[in-house]
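Thanks for asking me to look this one over. My notes are below as numbered points, and I suggest keeping the model open as you read.

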Amino acid sequence: MNKYEGMFILPNSLNDEAVAKTLERLQGEITKAGGVIRNSETLGRRQFSRRLHKHDSGCYVRLRFELDPSAVAGLQVRLKLIEEIFRTQIVRAPAVVPVPEPAKEPVKAEEPSNA
């Protein structure tokens, strides 16, 4: 199973209760496809940089999940059938790169000599 990150844009006309129901339905579709939800995050309502299909803003939701690579295409087809989802983007999650620890002692620069 690979780790994926899905960004979903819901119409801004949905109220908070409808957004919660749509998020629950999204998670249900992922688990139905054999996936495991790791994290869900509602990013809030945001303006688009330009108008798209008579919409000028939307509610953004991000889901992180694990899924078999062969099931991703079928999941995307099923998600297109949900009317409450305006846009969908699913990408493979980037690998976590460990952050190197800083040096214990700062290196002092030598002062130039005026000879």
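1. A word on terms to begin with: a residue counts as buried under 20% relative accessible area, as exposed over 50%, and as partly exposed in between, using a 1.4 Å probe and protein chains only. Please bear in mind that this is a predicted model, where local features need pLDDT of at least 70, side-chain atom pairs count only at pLDDT 80 or more, and totals for chains, interfaces and linings use all residues. Residues are numbered from 1 along each chain as its sequence is written, and side-chain values use heavy atoms, with hydrogens and water left out.

2. Overall layout. The protein has two helices and four strands, arranged along the sequence as β-α-β-β-α-β. Helices (H or I, at least four residues) and strands (E, at least two) are DSSP runs, numbered from the N terminus.

3. Burial and surface. Of the 115 residues in the protein, 30% are buried. The exposed area is about 8,600 Å², and carbon and sulfur atoms supply 50% of it; accessible areas come from the Shrake-Rupley method with a 1.4 Å probe, and for residues only the protein chains shown count as cover.

4. Contacts along the chain. Contact here means heavy atoms within 4.5 Å. Among contacts between residues at least 6 apart in sequence, 73% join residues at least 24 apart.

5. Helix H1. This helix runs over residues 16–32, and its 17 residues should span 24 Å at 1.5 Å a residue, which agrees with the 24 Å between its end C-alpha atoms. The expected span is 1.5 Å times one less than the number of residues. Val19, Thr22, Leu23, Leu26, Glu29 and Ile30 are buried in H1. They sit on the same side of the helix, because they cover an arc of only 120 degrees around the axis; the arc is that of the directions from the helix axis to the C-beta atoms. Glu17, Lys21, Glu24 and Lys32 are exposed on the other side of H1.

6. Threonine 22. What is the relative accessible area of this buried residue? Threonine 22 comes out at 4%. Leaving aside neighbours within four places in sequence, threonine 22 is in contact with Leu10, Leu14, Glu84 and Ile85.

7. Helix H2. Val72, Leu75 and Leu79 are buried in H2. Seen down the axis, these buried residues fall within an arc of 60 degrees, so they line one face of the helix. The face turned away from the buried side carries exposed Ala73, Val77 and Lys80.

8. The largest nonpolar core. Such a core is a set of buried Ala, Val, Leu, Ile, Met, Phe, Trp, Tyr and Cys residues joined through side-chain atoms within 4.5 Å. This one has 20 residues, of which Leu10, Leu63, Phe65, Leu67, Leu75, Leu79 and Ile90 touch the most other members. S1, H1, strand S3 (55–67) and helix H2 (72–80) each give two or more residues, with the largest share, five residues, coming from S3. Not counting residues up to four places away in sequence, isoleucine 90 touches Tyr4, Glu5, Gly6, Phe8, Phe65, Leu75, Gln76 and Leu79.

9. The start of the chain. Methionine 1 lies in the segment before strand S1 (2–11). Is methionine 1 buried or exposed? Methionine 1 is exposed, with a relative accessible area of 56%. Beyond neighbours within four places in sequence, its contacts are Gly34, Gly35, Val36, Glu66, Leu67 and Asp68. Glycine 34, just after H1, takes a positive phi of about 100 degrees.
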